[in-house]
Amino acid sequence: MTASLTISTQVNGKEKPGKDLQDYVNQLQTFKADFVQTQPDEALFTLNKSTGHFELNRPGQLTWQYFQPEEQKIVVDGTNLWVYDLDLDQVTVRPINDVKAELPLSWLLYKEPIQDKFTIIESGDKSGLRWFNLTPKQATYFQSIEVGMKDGEMVEVWMYQSADNITKVKFTNIQSNQVIPYTHFQFQLPEGADLVGTPQ
């Protein structure tokens, strides 16, 4: 395992807001979990529900796969962002540097202080979880992110596009700092799939 990034957690002798979240991220090398994602359907006034699996290898690699209701696979291999839509049999690829700022999990994916890109506010306890609010310092498509921690582990992430448009992700079957095969973060173009974009 690689050494954790050492980051100062004090300002004028006092702990920075979000120290516990930063400490958690510093020690995290890999993370994998199943997830349930819900987001509002404004037209139907209901919630869209998706299920899937998430794997992370810090820094710079992740796989985010939806199983239901529609299959889709998202892979960040360190250089490119791949999105595979199984229904369309189409793959879209873009350089990760072009979209890095738009990734809701960029604060977790890269080894840089969270406060470099986000303002952290400790939001207190709610529903048995300890919450941290992350507000981007530069405009992105999401207004803020809330991270819910329990027993020192990330268990929920809420992404706010507006006050009434919130994508909520709840993780289960969590495994942290376990070995994940490197091949899980390498995207192989499926035979016959259309490719949009050029990988670097």
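Modeller: In what follows, two residues are in contact when heavy atoms of theirs lie within 4.5 Å of each other. The model under discussion is predicted.

Colleague: With that in mind, with which residues is Ile74 in contact, leaving aside its neighbours within four places in sequence?

Modeller: Ile74 belongs to strand β6. Thr167 is not listed here, but its position can be given: the two C-alpha atoms are 17 Å apart, and 93 residues separate Ile74 from Thr167 in sequence. Beyond the four-place window, the contacts of Ile74 are Leu62, Thr63, Trp64, Tyr66, Leu81, Trp82 and Val83.

Colleague: In which sense do β6 and β7 pair, and over how many bridges?

Modeller: Strand β6 covers residues 72-76 and strand β7 covers residues 80-85. One of the bridges can be located by its residues, since Gln72 has Asp85 of β7 as its partner. The pairing is antiparallel, and the number of bridges is five.

Colleague: What is the order of the strands in the open sheet, and which strands form its edges?

Modeller: The sheet has twelve strands with mixed pairing, in the order β9-β10-β11-β12-β13-β3-β4-β5-β6-β7-β8-β14. A strand that pairs on one side only is an edge strand, and this applies to β9 (118-126) and β14 (194-196). Averaged over the sheet and with direction ignored, neighbouring strands are turned by 20 degrees against each other. The edges are therefore β9 and β14.

Colleague: Which helix packs on this sheet, and what angle does its direction make with that of β10?

Modeller: The helix is α1, residues 19-27. Helix α1 touches β3 (30-41), β9, β10 (129-136), β11 (144-150), β12 (153-162) and β13 (165-176). Its direction and that of β10 make an angle of about 90 degrees.

Colleague: Which residue in the hairpin of β9 and β10 takes a positive phi?

Modeller: Strands β9 and β10 pair in the antiparallel sense over eight bridges, and Gly124 stands opposite Trp131 of β10. Two residues lie between the strands of this hairpin. The residue with a positive phi, near 55 degrees, is Ser127.

Colleague: Which parts of the structure does the salt bridge of Arg130 and Asp20 tie together?

Modeller: The side chains of Arg130 and Asp20 meet at 2.3 Å, N to O. Because Arg130 lies in strand β10 and Asp20 in helix α1, the pair links parts that are 110 residues apart in sequence. Arg130 is partly exposed at 30% relative accessible area, and Asp20 is partly exposed at 35%. The parts tied together are strand β10 and helix α1.

Colleague: Which residues are joined into one network by salt bridges that share partners?

Modeller: Glu122, partly exposed at 38% relative accessibility, forms a salt bridge with Arg130, with the closest N and O atoms 3.0 Å apart. Through shared partners, the network consists of Asp20, Glu122 and Arg130.

Colleague: With which residue does Glu112 form a salt bridge?

Modeller: Glu112 is partly exposed, with a relative accessible area of 23%. Its partner is also partly exposed, at 43%. The closest N and O atoms are 3.3 Å apart, and the partner is Lys117.

Colleague: Is Glu156 buried or exposed, and with which side chain does it make a polar contact?

Modeller: Glu156, in strand β12, is buried yet has no salt bridge. The nearest side chain of opposite charge is that of Lys170, 4.0 Å away. Among the contacts of Glu156 beyond four places in sequence are Leu129, Trp131, Glu146 and Lys170. Its side chain makes a polar contact, at 2.9 Å, with the side chain of Trp158.

Colleague: Which residues does the cis peptide bond with omega of about 0 degrees join, and which does the one with omega near 0 degrees join?

Modeller: One cis bond leads to Pro59, in the loop between β4 (46-57) and β5 (61-68). The other leads to Pro69, in the loop between β5 and β6. The bonds join Arg58 and Pro59, and Gln68 and Pro69.

Colleague: In which loops are Asp89 and Asn177 found?

Modeller: Asp89 has a positive phi near 55 degrees, and Asn177 has one of about 55 degrees, although it is not a glycine. Asp89 is partly exposed at 28% relative accessibility, as is Asn177 at 24%. Asp89 is in the loop between β7 and β8 (90-95), and Asn177 is in the loop between β13 and β14.

Methods. Residues numbered from 1 in each chain as written. Predicted model: local features only at pLDDT ≥ 70, side-chain atom pairs only at ≥ 80, totals over all residues. Heavy atoms only, no water. Helix = DSSP H or I, 4+ residues; strand = E, 2+ residues; numbered from the N terminus. Axes fitted to C-alpha atoms, helices over the stretch in contact; angles between N-to-C directions. Buried < 20%, exposed > 50% of the residue type's maximum accessible area, 1.4 Å probe, protein only. Lys, Arg positive; Asp, Glu negative; His and termini not counted. Polar contact = N/O pair within 3.5 Å; in protein donor to acceptor, adjacent residues only side chain to side chain.
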